[in-house]
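Please open the model in your viewer and keep the sequence beside it. The stops below go from the whole chain to single side chains.

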Amino acid sequence: MYAQEGSGWALSRAASPGKLGAFEDVLFRSTEMVENPVLMAVKAVSRGGQRLVGVGFVDATGRRLGLGEFLDDDHFNSLETVAVQLGCKECLVPAESAGGAQGSAEGRRVREALERCGVFAREVA
């Protein structure tokens, strides 16, 4: 990066793709870039009149991998809480065609819950 010095320009900072230390203050000035990108996957099923939600997540920055399973209500409020607490930006959900009519209704409600907390839902087969 060049900066003006007097009447000319001089090199003030230098970096390479793997060595960005000189630019950390510029790159991470925005709070949005400081957040850890967390990817989550969700599968919801109904068993014995209860809604069971399975969640897996990976946080590459924090080097964490997690799995969990919990009971949830019809509006998936606990799922929303998990997504917000993890700081998730994207979630993998089963494709609509994979679950038939029942899966389609469940999938729609899962996507709505994720949408309410600002998480992008990506369908996978």
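Begin by selecting Glu80 together with its surroundings: apart from its neighbours within four places in sequence, Glu80 is in contact with His75, Ala113, Arg116 and Cys117. Please keep in mind throughout that this is a predicted model. Glu80 sits in helix H3, which covers residues 77-86. Is Glu80 buried or exposed? Its relative accessible area is 17%, and because buried means under 20%, Glu80 counts as buried. If you now show side chains, you will find those of Glu80 and Arg116 joined by a polar contact of 2.7 Å.

Next, zoom out and colour the chain by its elements. The chain holds 4 helices and 7 strands, and from the N terminus on these follow one another as β-β-α-α-β-β-β-α-β-α-β. Of the 125 residues in the chain, 25% count as buried, while the area that the chain exposes comes to about 8500 Å², with 54% of it supplied by carbon and sulfur atoms. Among the contacts with a separation of 6 or more, 46% are between residues 24 or more positions apart.

Now select the strands of the open sheet, which are 5 in number, have mixed pairing and are arranged in the order E5-E4-E3-E6-E7. Strand E5 (64-72) and strand E7 (120-124) form the edges, and because each has a single partner strand, one side of each is left without a neighbour in the sheet. On average, and with direction ignored, neighbouring strands of this sheet are turned by 25° against each other.

Within this sheet, pick out strand E3 (residues 38-47) and strand E6 (residues 88-94), which run parallel and are joined by 4 bridges. For one such position, select Ala41, whose bridge partner in E6 is Leu92. With H3 shown again, you can see that this helix lies across E3, strand E4 (50-59), E5 and E6, and that it runs at about 160° to E5.

The last stop is Arg51, which belongs to strand E4. Arg51 is buried, with a relative accessible area of 11%. Which side chains does the side chain of Arg51 meet in polar contacts? One is that of Asp74, at 2.4 Å, and another is that of Glu106, at 2.8 Å. To see the wider surroundings, leave aside the neighbours within four places in sequence and select the residues in contact with Arg51, including Val45, Ser46, Phe70, Leu71, Phe76 and Arg109.

Note on methods:
Residues numbered from 1 in each chain as written. Predicted model: local features only at pLDDT ≥ 70, side-chain atom pairs only at ≥ 80, totals over all residues. Heavy atoms only, no water. Helix = DSSP H or I, 4+ residues; strand = E, 2+ residues; numbered from the N terminus. Buried < 20%, exposed > 50% of the residue type's maximum accessible area, 1.4 Å probe, protein only. Contact = heavy atoms within 4.5 Å. Areas by Shrake-Rupley, 256 points an atom, 1.4 Å probe, with all protein chains shown as cover. Polar contact = N/O pair within 3.5 Å; in protein donor to acceptor, adjacent residues only side chain to side chain. Pairing = 2+ DSSP bridges. Axes fitted to C-alpha atoms, helices over the stretch in contact; angles between N-to-C directions.
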